Amino acid sequence: MTGQFGESGWTPDAELLAAYADGELEDGPTGDLRNQIETWLARHPRAADKVEAQRRVTEWFQATTPADPPESAWEPVAARLQGLRLPLPGPDRRWSRWARLTALGITGAACVLLAFTLATLLGRREVPSWQGALNQPRAGASSIGPDMEALPVATAAEVEILSVQGDDTATLVVGELPLEGSLLLLQADELTLTAVEPARDNMVPEVRKGGNAPMIWAPLDAEREDPEEPDQV
Amino acid sequence: MVGTLFTPRLAGFVVLVSCLAGPDPAPEEPKRVKVTVVTILASDKGDEVDARLKGIAAEVRKMNPQLKAFKLVSMASKSLAVDEKAAFPLVDEQSAQVVIRHSADPNNRVSLGVTPPKQGEIAYRAVCGKFLPIVTRYQTEGKERLILAVRVQPCNGK
């Protein structure tokens, strides 16, 4: 509980002012300090108003605080608490650990046996929800339960596969691939070439016939060095 | 005068003629041709041939035995009307342009034009349901030769 010296002289700190407001600086060793504070408060009316407000709050708090019960009032309460013997949390020592595990196992086995017996007697077989969904017709939404509906799956006629990567063709579930099976090649009498435009470098592809199947062959630069005679189709 | 001309017999005749004539025929929808393009990469490395490509691989090998491995990269189809152009993506940002010049003629042949990468247009007429192989001059960085196979279908209900 001190103050500090500044350009305007000694100034009490907040803790010291609080002690003064609470009446802790009475006559005696702290009497000089109290007089010093009162002199400072006389020169600082705003601080004096705050100290006075703090003093009134302290007085109101002391006036409204109920008095502590006397020691004699605590004795019967303590006696009653001791007489209750409240149970403390901890392991139940009446059953050993192995006994409890054994009882739990027997109970579980009995439940499984009971459920199996009831299921056999009633002749009921639970169908998994996914299996039920698969059993539904593929087109249209079909109800498989009061709160569930099977996802409508399109049929092959309802899906047109426009493009697919070669490695992904085996992953398609529904729909017809653009190419089913092997490529069936045109025969020579099934093709009529009507026009062939040259490329920008004047390269003109050839029509080659390996067997009966014609094909358009655009030679690489290396192949153009030794061109073959094109066949007419 | 009018009552004399418009007899019940005449009215019945008018109704009969109207019924026989029927409503105006609906305008015929333009015939569309389904074009399928299969993208193939052939290489001289390895000898694995996709089972679906055995026929074309055999034909190409007759021309270039060094091409031993044939991989089916993709397959795509588009339904095109006459004079409608379509681009089919291939590999490495390359594409092939296809245009239908004429739908199936009485001989069940379709005229179309195909423009492979780095080439001019190839115009031809072909029967439906079979592929024309086009060995392009495009090679990937791995020296794989790009091959197209083009098919049109169906024609006249077939």
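Which residue of E8(B) stands opposite B:Ile40? The residue is B:Ile147, and the strands around this pair offer a way into the structure. The model is predicted, so that local features need pLDDT of at least 70 and side-chain atom pairs count only at pLDDT 80 or more, while totals for chains, interfaces and linings use all residues. Residues are numbered from 1 along each chain as its sequence is written, and chains are lettered from A and ligands numbered from 1 in the order in which they are written.

The two chains may be introduced in turn. Chain B contains three helices and eight strands; helices (H or I, at least four residues) and strands (E, at least two) are DSSP runs, numbered from the N terminus. Starting at the N terminus, the elements of chain B follow the order α-α-β-α-β-β-β-β-β-β-β. Chain A has seven helices and six strands, and its pattern along the sequence is β-β-α-α-α-α-α-α-β-β-β-β-α.

Burial is judged by counting neighbours: a residue is buried if 20 or more other C-beta atoms lie within 10 Å of its own, exposed if 12 or fewer, and partly exposed in between, with C-beta atoms placed from the backbone. Of the 158 residues in chain B, 35% are buried. In chain A, which has 233 residues, buried residues make up 10%. Contacts describe the fold in another way; two residues are in contact if their C-beta atoms, placed from the backbone, lie within 7 Å. Taking contacts between residues at least 6 apart in sequence, 48% of those in chain B join residues at least 24 apart. The corresponding figure for chain A is 24%.

Within chain B, strand E1 covers residues 32–43. Nine of its 12 residues are buried, so E1(B) is largely enclosed by the rest of the structure. Strands of a sheet pair through backbone hydrogen bonds, either parallel or antiparallel. Here two strands count as paired if DSSP finds at least two bridges between them. E1(B) pairs in the antiparallel sense with E2(B), residues 69–81, over 12 bridges. Within this pairing, B:Lys34 has B:Ser79 as its bridge partner. E1(B) is also joined to E8(B), residues 145–153, by nine bridges, and these two strands run antiparallel. The opening pair, B:Ile40 and B:Ile147, belongs to E1(B) and E8(B).

E2(B) leads on to the other chain. It pairs with E3(A) in the antiparallel sense over three bridges, and A:Val164 has B:Met75 as its bridge partner in E2(B). The contact between the chains takes 36 residues from chain A and 40 residues from chain B. On the side of chain A that touches chain B, E3 (163–165), E4 (191–196) and E6 (214–217) each supply at least two residues. E4(A) gives the most, with six residues. The residues on this side of chain A divide into 24 nonpolar, nine polar and three charged. In this division, Ala, Val, Leu, Ile, Met, Phe, Trp, Tyr, Cys and Pro count as nonpolar, Asp, Glu, Lys and Arg as charged, and the others, Gly among them, as polar.

E4(A) also takes part in an open sheet of five strands, in the order E4(A)-E6(B)-E5(B)-E4(B)-E3(B), with antiparallel pairing. The edge strands are E4(A) and E3(B), residues 85–89, each of which pairs on one side only. At the chain B edge, E3(B) pairs with E4(B), residues 95–102, in the antiparallel sense over five bridges. There B:Phe88 stands opposite B:Ala96.

Two loops of chain B adjoin this edge strand in sequence. B:Asp83 lies in the loop between E2 and E3 of chain B and has a positive phi of about 70° although it is not a glycine. B:Asp83 counts as exposed because it has 10 C-beta neighbours inside 10 Å. B:Glu93, in the loop between E3 and E4 of chain B, likewise is not a glycine and has a positive phi, of about 65°. With 7 other C-beta atoms within 10 Å, B:Glu93 is exposed.

Confidence in chain A remains to be described. The predictor's confidence in each residue is given as pLDDT, from 0 to 100. Chain A has a mean pLDDT of 75, and 71% of its residues reach 70 or more. Over residues 138–142 of chain A pLDDT stays under 50, and the model has 11 contacts beyond four places in sequence for them. Residues 227–233 of chain A also stay under 50, with 12 contacts beyond four places in sequence.
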